[in-house]
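Q: I'm new to reading protein models and I'd like a close look at one part of this one. Could you pick a spot in the chain and walk me through it slowly?

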Amino acid sequence: MKLYYSPGASSLAPHIIACEAGLDIEFDRVDLNTQTTASGTLFDKINPKGNVPALALSCGEVLTEVSAILEYLADRVPDHRLLPELGSLERYRVKEWVGFIATELHKGFDPLWDGSMPDAARRLAVQYLQRRLSYLDSRLEGRSYLMGERFTVADAYCFTVLSWARFHRIDLSEYAAVQAFMHEVSNRPMVRRAMEAEGLMHAA
Ligand SMILES: N[C@@H](CCC(=O)N[C@@H](CS)C(=O)NCC(=O)O)C(=O)O
């Protein structure tokens, strides 16, 4: 398997899960501006959507979308319980979180990457995220991870997306439980390994 990634992008979530799962996979860095990879491949031949992550499977298929890739990787090693058992209510709870992170948080950040965004529009985008952060904070209170004390794919994704807050000068300090969560996840050895591999430790 080969994971196409860009440092610190949403592809960090599957990178973390690959490390947590102990999977032996290759990595190819994508330059999203030129749409080329470090190995010299044109990325739109890999993923015509042009975004990371993409996971090339040994059967020749390419899987895209963070949610699908996370589930695929976690299911390679069910013993690691990065996802609860298939069919259990807990599994749907993790998927509920992944859906929230993908559509409310991940895509909530999207407008902020546009440097030409007028201040008023930026403020609206930040307010949108702040409402979701308050909700997240209330749900994380008294627990280490989204599902309680067990780390799952949802935590890897949530951590990845919230690490963009600093870049956009969104202050997480008013969300004590979110801050504690970020601290907890950032100290996991496999999270540090993935971040180091992407050259992100200086920013951690
Ligand atoms: N729906 C996609 C969104 C992935 C996404 O937004 N990727 C961003 C990086 S975090 C990207 O590659 N942006 C560059 C682009 O779309 O041109 C998924 O869940 O995988």
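A: Let's zoom in on the loop around Val 52 and Pro 53, after a quick look at the whole and before a few other places for context.

First, keep in mind that this is a predicted model. The protein has 9 helices and 5 strands, and if you read along the sequence they come in the pattern β-α-β-β-α-β-β-α-α-α-α-α-α-α. A compact globule of 204 residues would have a radius of gyration near 17 Å, and the protein has 17 Å, so the two agree. Its C-alpha atoms fill a box of roughly 45 × 45 × 30 Å along the principal axes. Buried residues make up 47% of the 204. Of the contacts with a separation of 6 or more, 64% are between residues 24 or more positions apart.

Now for our spot. Val 52 lies in the loop between helix H2 (43-46) and strand E4 (54-56), and Pro 53 is placed in the loop between H2 and E4 too. What kind of peptide bond joins Val 52 and Pro 53? It's a cis one, with omega at about 5°. That's worth a pause, since most peptide bonds are trans.

Is Val 52 buried or exposed? Its relative accessibility is 9%, and because buried means under 20%, Val 52 counts as buried. So who are its neighbors? Leaving out residues up to four places away in sequence, Val 52 touches Tyr 4, Tyr 5, Ser 6, Ala 9, Ser 10 and Ser 11, and also Val 30, Leu 32 and Phe 43. You can also check Val 52 against Asp 31: they are 21 residues apart in sequence, and their C-alpha atoms are 9.9 Å apart in space.

Follow the chain past E4 and you get to Leu 57, in the loop between E4 and strand E5 (62-64). With a relative accessible area of 15%, Leu 57 is buried. Here the C-alpha atoms of Leu 57 and Lys 2 are separated by 6.8 Å, although the two are 55 residues apart along the chain. Leu 57 touches Met 1 and Tyr 72, again not counting residues up to four places away in sequence.

Next comes a backbone detail. Glu 65 is in the loop between E5 and helix H3 (66-76), and its phi is near 80°, a positive value in a residue other than glycine. Most residues other than glycine have a negative phi. Glu 65 is partly exposed, at 41% relative accessible area. Arg 169, in the loop between helix H7 (164-167) and H8, has a positive phi as well, near 55°. At 67% relative accessibility, Arg 169 counts as exposed.

Finally, let's see how some helices pack. The axes of H5 (residues 119-140) and H8 (residues 176-186) come within 7 Å and cross at roughly 70°, which makes H5 roughly perpendicular to H8. Leu 133, Leu 136, Asp 137 and Leu 140 of H5 meet Ala 176, Ala 177, Val 178 and Phe 181 of H8. That contact has 7 nonpolar residues, no polar ones and 1 charged.

For H1 (residues 12-21) and H9 (residues 189-197), the axes come within 8 Å and cross at roughly 125°, so these helices are oblique to each other. Their crossing is right-handed.

Methods:
Residues are numbered from 1 along each chain as its sequence is written. This is a predicted model: local features need pLDDT of at least 70, side-chain atom pairs count only at pLDDT 80 or more; totals for chains, interfaces and linings use all residues. Side-chain values use heavy atoms; hydrogens and water are left out. Axes are lines fitted to C-alpha atoms, for helices over the stretch in contact, and angles run from 0 to 180 degrees between N-to-C directions. Helices (H or I, at least four residues) and strands (E, at least two) are DSSP runs, numbered from the N terminus. Angles under 35 degrees count as roughly parallel, over 145 as roughly antiparallel, 65 to 115 as roughly perpendicular and the rest as oblique. A crossing is left-handed if the near helix is turned anticlockwise from the far one by less than a right angle, and right-handed if clockwise. The radius of gyration is taken over C-alpha atoms; the globule rule is 2.2 Å times the number of residues to the power 0.38. Buried means under 20% relative accessible area, exposed over 50%, partly exposed in between (1.4 Å probe, protein chains only). Contact means heavy atoms within 4.5 Å. Ala, Val, Leu, Ile, Met, Phe, Trp, Tyr, Cys and Pro count as nonpolar, Asp, Glu, Lys and Arg as charged, and the others, Gly among them, as polar.
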